Amino acid sequence: MLGRYGGARFTVPELTSSSNVLKVRFYSDNTTAYGGYELTVTLVDMSHYARVRYAFEETVKKFLVEKGTAVQLKTFSSLFTLPERKLFSCWECGGTNYNEGDTVTANDDMTFTAVLEDEPAILPDGAGGYYSKVPRTGTITADLSDKAKGFSLKVYDHAGKDAPYKYGCDGTLLIQAPTGYVLSVTGSGSTQKNYDYLEIYDGDTSVQ
């Protein structure tokens, strides 16, 4: 969809299709009718334009730009929803890798395909500390075998520090200490009483 417009007074800005077909659909209910609309459709010579595509899995976002235009690569999160426990790595196009915000000149059609990588079990918090997230489903291990006495790890639900968890959680985080160490845990939380709960076990076991 290039856009949806309505209201007592609305304006349709200049829009350009990415193929030789433009679809116009209008819907109204069976109550009050208003003045309607008027559109102007103009033929554009494609030889002066290039298609820029952003691809992820089976989804492609398409844009049409004039050839020679400097295109700043969009952020992944503004185009697609990042899968759980994945990090965006780069855009790959024609065997070259590009980062978000990089600028390329579009003289020909270009397809930028998203490259993702697995999110590490232990992540820096940007303030000198570290944290892990219990996965929404499945099991992951936070290996602390190379950490020293006093190392501290924050643990959050799959949504992270400041976001509410989603429905359908059933995930497990195993935290592995170095030989000769035990693990101490404390904290707080907020869940739906009697329905959503946190379980903590002594060891890799389902017996409390």
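## Buried, exposed and in between

A residue is called buried when its relative accessible area is under 20%, exposed when that value is over 50%, and partly exposed in between. Serine 132 has a relative accessible area of 0% and is therefore buried. The model described here is a predicted one, and this scale of burial is used for each of the residues discussed below.

## The chain as a whole

The secondary structure of the protein chain consists of twelve strands and zero helices, so that reading along the sequence gives the pattern β-β-β-β-β-β-β-β-β-β-β-β. Among the contacts with a separation of 6 or more, 54% join residues that are 24 or more positions apart.

The radius of gyration of the protein chain is 25 Å, whereas a compact globule of 208 residues would have a value near 17 Å. The C-alpha trace spans about 75 × 50 × 30 Å along its principal axes. Of the 208 residues, 19% are buried, and the chain exposes about 16,400 Å², with carbon and sulfur atoms supplying 47% of that area. The chain carries 20 positive and 26 negative charges, and the mean positions of these two sets are 5 Å apart.

## Strand 9: serine 132 and lysine 133

Serine 132 belongs to strand 9, which covers residues 130-133. A polar atom of the side chain of serine 132 lies 2.6 Å from the backbone oxygen of alanine 121. Not counting residues up to four places away in sequence, serine 132 touches Ala121, Ile122, Ala142, Leu153, Lys154, Val155, Tyr156 and Leu173.

Lysine 133 also lies in strand 9, and because its relative accessible area of 15% is under 20%, lysine 133 counts as buried. The side chain of lysine 133 makes a polar contact with the side chain of glutamate 119, at 3.3 Å. With residues up to four places away in sequence left out, lysine 133 touches Arg85, Glu119, Ile140, Tyr156, Asp157, His158 and Gly160.

## The loop between strands 3 and 4

Leucine 73 is found in the loop that runs between strand 3 (69-72) and strand 4 (86-93). Leucine 73 is buried, with a relative accessible area of 3%, and, residues up to four places away in sequence aside, touches Tyr54, Trp91, Tyr98, Asn99, Glu100, Gly101, Asp102, Val104 and Phe112. Leucine 39 is 34 residues from leucine 73 along the chain, and the C-alpha atoms of these two leucines are separated by 31 Å.

Arginine 85 lies in the loop between strand 3 and strand 4, and is buried as well, with a relative accessible area of 15%. Arginine 85 is one of the residues touched by lysine 133 of strand 9, and arginine 85 is also in contact with glutamate 117.

## Partly exposed positions in strands 7 and 12

Glutamate 117 lies in strand 7, which covers residues 110-118, and counts as partly exposed because its relative accessibility is 40%. Leaving aside neighbours within four places in sequence, glutamate 117 is in contact with Arg85, Lys86, Leu87 and Ser89. Glutamate 117 and alanine 70 are 47 residues apart in sequence, and their C-alpha atoms are 28 Å apart in space.

Leucine 174 has its place in strand 12 and, at 26% relative accessibility, likewise counts as partly exposed. When residues up to four places away in sequence are not counted, leucine 174 touches Thr139, Ile140, Thr141, Ala142 and Asp204. Alanine 163 is eleven residues from leucine 174 in sequence, and the C-alpha atoms of the two are 22 Å apart.

## Two positive phi values

Most residues other than glycine have a negative phi. Against that background, arginine 85 has a positive phi near 60°, and asparagine 194 has a positive phi near 70°. Arginine 85 is buried, whereas asparagine 194 is exposed, with a relative accessible area of 68%. Asparagine 194 is found in the segment after strand 12, the strand that covers residues 170-176.

Terms used:
Residues are numbered from 1 along each chain as its sequence is written. This is a predicted model: local features need pLDDT of at least 70, side-chain atom pairs count only at pLDDT 80 or more; totals for chains, interfaces and linings use all residues. Side-chain values use heavy atoms; hydrogens and water are left out. Helices (H or I, at least four residues) and strands (E, at least two) are DSSP runs, numbered from the N terminus. The radius of gyration is taken over C-alpha atoms; the globule rule is 2.2 Å times the number of residues to the power 0.38. Buried means under 20% relative accessible area, exposed over 50%, partly exposed in between (1.4 Å probe, protein chains only). Contact means heavy atoms within 4.5 Å. Accessible areas come from the Shrake-Rupley method with a 1.4 Å probe; for residues, only the protein chains shown count as cover. Lys and Arg count as positive and Asp and Glu as negative; His and the chain ends are not counted. The place of a charge is taken as NZ of Lys, CZ of Arg, CG of Asp or CD of Glu. A polar contact is a pair of N or O atoms within 3.5 Å; within protein, one must be able to donate a hydrogen and the other to accept it, and residues adjacent in sequence count only if both atoms are side-chain atoms.
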